[in-house]
Amino acid sequence: MWIPTTENAKDGLFMRKALRLAEKGRGFTSPNPMVGALVVRGDTVVGEGCHAFAGGPHAEVNALRSAGDKAFEASLYVTLEPCNHFGRTPPCTGAILESGVSRVVVGMSDPNPLVQGGGCGFLREKGLKVDAGVLERECRVLNQAFIKHVTTGLPYVTLKAAMTLDGRIAARSGESRWISNDRSRLFVHGLRCSLDAILVGIETALTDDPLLTARMGPRTRCRQPVRIVLDSMLRLSPESQLVGTAHASPVWVACAGGASAEKETRLKEAGVEVLRLPSSNRQVDLPSLLKELGTRNITSLLVEGGSRVLGAFVEQGLADDFYFFYAPKILADPEAVPVARGEAKGSVAEAFAVHDVSVRRFRQDVMLHGRFREQLF
């Protein structure tokens, strides 16, 4: 049974350290969660670990191995409820019992409806003291993508756009390089590295001919996202950079049922995977796309545009959060490309609300990060 408790100052301090450890797995644990763990005797950390990659040992196991015999009668802090079921690895509750720890402090319950609460309940039944719900909100924020995917089967959707101060993502010609500065773009490459997939519309693919790879430099460990193009009629050129690199890194093209079979064959021969999906108004049905991505273990999706694609995700209530970069530039052109295009709203009261907005600067660029949903998953 999941029994939240109120943390004291020391428990909060150690859980924050465990959260920082969990961050080390960002971009490498999907479709599993990011988890951090500490073994503490008195006020001293004697072992620590994180879930470093999908299929690898869980954070608790790594922390207990690090502590060795010092784990006996110690406390284990872990950001996510220890598993009590067999998956790709044995249940962590067994390793916890064998270690001899006397207390387990948990950040959040396991969101999987099939196993929720099982780990804490099992450990309590075996006589361990278990305190739960320490920094629960922070732990949930860390794993929003995992929580959404395991509870809904859908990926967590993040919108990204770089724009001028008057909200334009490109000149009327479609040219957009570069609105944001190099520091902002490096942050975006980090986003690409941390999420499962990146999506653009066909107009962006045709205008910019992007690679959509994460470029972090030779010293930074980086996992490449699956690159997805929303292309109802399969207009993507076989000569594009995306198609040309499809054998090296996955490229998926989502099309509607009426797209040319001949074009599909050419793209497949070049190494592109074509996803034929239901259509809505001759466009790929976005809910169907997200459902398909979820079945393929895509837990997080970065949508980078263009404006009609961004607008569609907002209008249909499919976006979860956003990173919007504002550069110190003004186009002052009513024909320049806005950040989002969709059905016009007749009043301010009808505007889409955002929540928990934070601000960060990259030199003169300003980044806003927030959520489209008031409640966390």
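1. A residue is called exposed when its relative accessible area is over 50%, and buried when that area is under 20%. N281 has a relative accessible area of 73% and is therefore exposed. This residue sits in the loop between strand 12 (279-280) and strand 13 (283-284). Its phi is near 55°, a positive value in a residue other than glycine. The model under review is a predicted one.

2. L212 also has a positive phi, about 65°, although it is not a glycine. Its place is in the loop between helix 8 (202-208) and strand 9. With a relative accessible area of 3%, L212 is buried. A further positive phi, of about 60°, is taken by G68, just after helix 2.

3. Two cis peptide bonds should be checked by eye. One runs from R177 to W178, with omega near -10°; W178 lies in the loop between strand 7 (168-170) and helix 7 (182-194). Another joins G305 and G306, with omega about 5°. G306 belongs to the loop between strand 14 and helix 12.

4. The main sheet to describe is open and has nine strands, in the order 11-10-9-8-14-6-15-18-17, with mixed pairing. Strand 11 (273-277) and strand 17 are its edges, each pairing on one side only. From one strand to the next, the twist averages 20°. Helix 12 (residues 307-315) packs on this sheet and touches strand 6 (156-163), strand 8 (197-201), strand 9 (226-230) and strand 14 (300-303). The direction of helix 12 makes about 140° with that of strand 6.

5. Within the sheet, strand 15 (residues 321-326) and strand 18 (residues 365-371) pair in the antiparallel sense, over six bridges. F325 has M367 of strand 18 as its bridge partner.

6. At the edge, strand 17 covers residues 355-362 and contains V357. V357 has 44% relative accessibility and so counts as partly exposed. Together with V354 and V359, V357 makes a nonpolar surface patch of about 240 Å².

7. The loop between strand 16 (337-338) and strand 17 holds E350. At 43% relative accessibility, E350 counts as partly exposed. E350 and S109 are 241 residues apart in sequence, and their C-alpha atoms are 36 Å apart in space.

8. Helix 2 (residues 59-67) has these buried residues: A59, E60, V61, A63, L64 and A67. They pack against strand 1 (36-41), strand 2 (44-50), strand 3 (75-80) and helix 3 (92-99). As background to the spacing, an α-helix has 3.6 residues a turn, so residues three or four places apart point the same way.

9. The structure holds 21 salt bridges. One of them joins D333 and R172, whose closest N and O atoms are 2.9 Å apart. The pair links distant parts of the chain, 161 residues apart: D333 is in the loop between strand 15 and strand 16, and R172 is in the loop between strand 7 and helix 7. D333 counts as buried at 17% relative accessibility, whereas R172 counts as exposed at 56%.

10. E264 and R276 meet through their side chains in a salt bridge of 2.7 Å, N to O. E264 lies in helix 10 (residues 261-269) and R276 in strand 11, so the pair ties together parts that are 12 residues apart in sequence. Strand 11 is an edge strand of the open sheet. E264 is buried, with a relative accessible area of 12%, while R276 is partly exposed at 32%.

11. In the salt bridge between R296 and E292, the closest N and O atoms are 2.7 Å apart. R296 counts as partly exposed at 28% relative accessibility, and E292 counts as partly exposed at 26%. Elsewhere, D11, R103, K129 and D131 are linked in a network of salt bridges.

Methods:
Residues are numbered from 1 along each chain as its sequence is written. This is a predicted model: local features need pLDDT of at least 70, side-chain atom pairs count only at pLDDT 80 or more; totals for chains, interfaces and linings use all residues. Side-chain values use heavy atoms; hydrogens and water are left out. Patches are made of residues with over 30% relative accessible area and no salt bridge: like charges are joined within 9 Å, nonpolar side chains (Val, Leu, Ile, Met, Phe, Trp, Tyr) within 5 Å. Accessible areas come from the Shrake-Rupley method with a 1.4 Å probe; for residues, only the protein chains shown count as cover. A salt bridge is a side-chain nitrogen of Lys or Arg within 4 Å of a carboxyl oxygen of Asp or Glu. Helices (H or I, at least four residues) and strands (E, at least two) are DSSP runs, numbered from the N terminus. Buried means under 20% relative accessible area, exposed over 50%, partly exposed in between (1.4 Å probe, protein chains only). Two strands pair if DSSP finds at least two bridges between them. Axes are lines fitted to C-alpha atoms, for helices over the stretch in contact, and angles run from 0 to 180 degrees between N-to-C directions. Contact means heavy atoms within 4.5 Å.
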